[in-house]
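Colleague: I'm new to reading structures. Could you walk me through this one, step by step?

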Amino acid sequence: MYHSFELDRVDHRLWLSTSQQGYRLHLRDQVIDPVAFTHHSESSGILTIAGESEPVRFAIEGDLIHLHIRGRTRVLRYNDPLRTFAPANDEIRPLTARAPMPGVVVAITVSPGQSVSAGMALMMVESMKLETIIRSPRDGIVDRIHVEQGDSFEHDAVLVTLSKEGR
Amino acid sequence: MHTLPFDTVLIANRGEIAARIIKTLRNLGLRSAIAYHEVDALTPAVSMADLAIPISGRTPVASYLDFAQIIAAARKAGAGALHPGYGLLSENAEFAKAVIEAGITFIGPAPEAIELMGDKIRARNFVQRNGFPVVPCAIEEDEPTTFVSRAQAVGFPLLVKPSAGGGGKGMRIVRDLSALEAAIEQARSEACRYFGDGRLYVERYLEIPRHIEVQVLGDAFGNLVHLFERECSVQRRFQKIIEETPSPALSPELRKRICEAAVGIARAAQYQNAGTVEFILSEGAFYFLEMNTRLQVEHPVTEMITGVDLIAEQVYAAAGRELSLSQSDIVPNGHAIELRLYAEAPERGYVPTTGKVLLLEFPDGVRIDSGVMQGQHITPAFDPMLAKIIVHAPSRIEAALKAHRAVRELVLLGCETNANLLARILADETFLGGQFHTGYLEENPHLAADNFATGLCAFLASAALLTRPVRASADAVPELHATLGSWRN
């Protein structure tokens, strides 16, 4: 199964498979074997890649992976496939739309009391120079909008609370 | 040593400079108090100060500009003196007067000197009258009806500037007569917008200009010394990003002349305390640009090569002591470079960036003047400068190598910075050759661009291995399949 990471607006598809000494990294046009990561602390470790050892400093913030390797700092964004394929059962879908990463509200496209369906756009946010649409996790009614246009928010902040449809 | 007439100093500033001032106050055995806005509660200066007094306002910046609250904080702290740092209220003559009227020593020059140098046109005329070189110019308000023809007489290319300006805002380069009137109108509208003052002047635009400034220090007894020059030509949009001393552009003879001119200008202004005289150097000639009546951001490079603590000298001078240094005592040693770490993305037109500092590790073996701590939020409320890295080495090339190593070792995750750009400049031949001018970054746009292909595999591999769902989907594949997979290869 492919996973995708975004770096500087470019999508990189890759996947891992297990190998004798760790993992095998499958990129679009090459396979690197083996790759392994040894944690030294909660923010540092050693990447072994094609026989080379690279000290890595990292910080994970929701879908954002901040990395410092060989004097360079990069931020990659994991595009979680699960977000696109939300669970089917309404009962286990959350009543809140949360921020997948820190950012700023660009525009809000719904208002309280409005009924929305699963997947409908609730607001546009900007993070790491990318505009992302925050979609409704389920059918329901917009109960509260916790942010205003221009507000900044943290990873995992509740942006919109929904209520179940009244009967 | 005599005791100082005050034992507590209020710092009317924030960020790295507030932390820097506290360090010197500690060395001098003085208590430090800081007035701070709540957005700065988690910053180094607030945690280092002996006393931290909250202030508030419509915006964070507005609270740091509120005379009444700051003077009240000084009183509350029992502060006998106030250090304004740089920026904010540091060059506000009215503020300096209000501090003095409150019976508090202002650690800076006399309000009259701030007033004289604060208005660019008045300062320029003063410097010219005293026989020092200034750039040929025409001032609109001298005779508004003839402004365009007088501007033309100065000679192209011209730089149109707002009289009340600073920081490069509203400045325009005009290369021929046809573009002059439109440029004047645009500059005026920007000047009104930024400074609420549409007055303009034009000056000859000097080609291949370098920005060289001279640190001076004066006391209440008329003693004035210089502490040599700083080269500040590596700029983006008129904002300095790398400063060094000595300047690779000055011969010993030219250095002597420019430093003597700076002392002469300061002496004419009866200047007391620390100040900086800025010059433009072009084709072997230098011209007065402006005088900054405060400590500069880049003061550490001067401290590194002279061994003088400029803030301690400011405190002593403000306390009415005679300078302990004579000109012959000040001997430069080696080469120093300062890098300004900004929360901005050079790759995207230097837009300011924000975020929470998730991981912060400073390099060893260099001086760090920092205003950030791990866990702190970088907000767009203030200037985007986060910290300064200052290196000192026997020669320029060794200093550049050391700075390059240090900026690559610095780890700041959670908020994009210009660290990658600084590393690219420090490895660039033009910079290393010392042959740059203030248009260096505009002329070399490749320096602002990042090459994301460099080391890409290591970044992708780390990201993949650090993302649980990616590892999980590999682990979920039964071993047999994985083995089959490898057989197929």
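Modeller: Sure! Let's start with a term: two residues are in contact if their C-beta atoms, placed from the backbone, lie within 7 Å. Keep in mind that this is a predicted model.

Colleague: Among contacts in chain A between residues at least 6 apart in sequence, what percentage join residues at least 24 apart?

Modeller: Let's look at chain A itself before the contacts. Chain A has 16 strands and one helix, and 31% of its 167 residues count as buried. Taking contacts in chain A between residues at least 6 apart in sequence, the share that joins residues at least 24 apart is 41%.

Colleague: Which element gives the largest share of the side of chain B that touches chain A?

Modeller: The contact takes 42 residues from chain A and 36 residues from chain B. On the chain B side, elements giving two or more residues include α14, α17, α18 and α19 of chain B. By class, that side has five charged, 10 polar and 21 nonpolar residues. The largest share, nine residues, comes from α17(B).

Colleague: Are α13(B) and α14(B) roughly parallel or roughly antiparallel?

Modeller: Two packed helices are described by the distance between their axes and the angle between them. Here the axes of α13(B) and α14(B) come within 9 Å and cross at roughly 155°. Angles over 145 degrees count as roughly antiparallel. So α13(B) is, relative to α14(B), roughly antiparallel.

Colleague: How many nonpolar residues are in the contact of α13(B) with α14(B)?

Modeller: The crossing of these two, α13(B) and α14(B), is left-handed. Among the residues making the contact are Ala400(B) and Val407(B) of α13(B), along with Leu422(B) and Leu426(B) of α14(B). By class, the contact of α13(B) with α14(B) has one charged, one polar and, for the nonpolar count, seven.

Colleague: How many residues does the largest nonpolar core have?

Modeller: In soluble globular proteins, nonpolar side chains tend to be buried together. Leu10(B), Leu82(B) and Phe279(B) have the most contacts inside the largest core, and Leu10(B) touches Leu82(B), as well as several alanines including Ala33(B) and Ala73(B). A second, separate core has 86 residues, including Leu16(A) and Phe459(B). For the largest core, the number of residues is 100.

Colleague: Last one: which elements are included in what covers the buried residues of α6(B)?

Modeller: Helix α6 of chain B runs over residues 111-118. Its buried residues are Pro111(B), Ala113(B), Ile114(B), Leu116(B) and Met117(B). What covers the buried residues of α6(B) includes three elements of chain B: α5, α7 and β14.

Note on methods:
Residues are numbered from 1 along each chain as its sequence is written. Chains are lettered from A and ligands numbered from 1 in the order in which they are written. This is a predicted model: local features need pLDDT of at least 70, side-chain atom pairs count only at pLDDT 80 or more; totals for chains, interfaces and linings use all residues. Helices (H or I, at least four residues) and strands (E, at least two) are DSSP runs, numbered from the N terminus. Ala, Val, Leu, Ile, Met, Phe, Trp, Tyr, Cys and Pro count as nonpolar, Asp, Glu, Lys and Arg as charged, and the others, Gly among them, as polar. Axes are lines fitted to C-alpha atoms, for helices over the stretch in contact, and angles run from 0 to 180 degrees between N-to-C directions. Angles under 35 degrees count as roughly parallel, over 145 as roughly antiparallel, 65 to 115 as roughly perpendicular and the rest as oblique. A crossing is left-handed if the near helix is turned anticlockwise from the far one by less than a right angle, and right-handed if clockwise. A nonpolar core is a set of buried Ala, Val, Leu, Ile, Met, Phe, Trp, Tyr and Cys residues joined through C-beta atoms within 7 Å. A residue is buried if 20 or more other C-beta atoms lie within 10 Å of its own, exposed if 12 or fewer, and partly exposed in between; C-beta atoms are placed from the backbone. Lists of a residue's contacts leave out its neighbours within four places in sequence.
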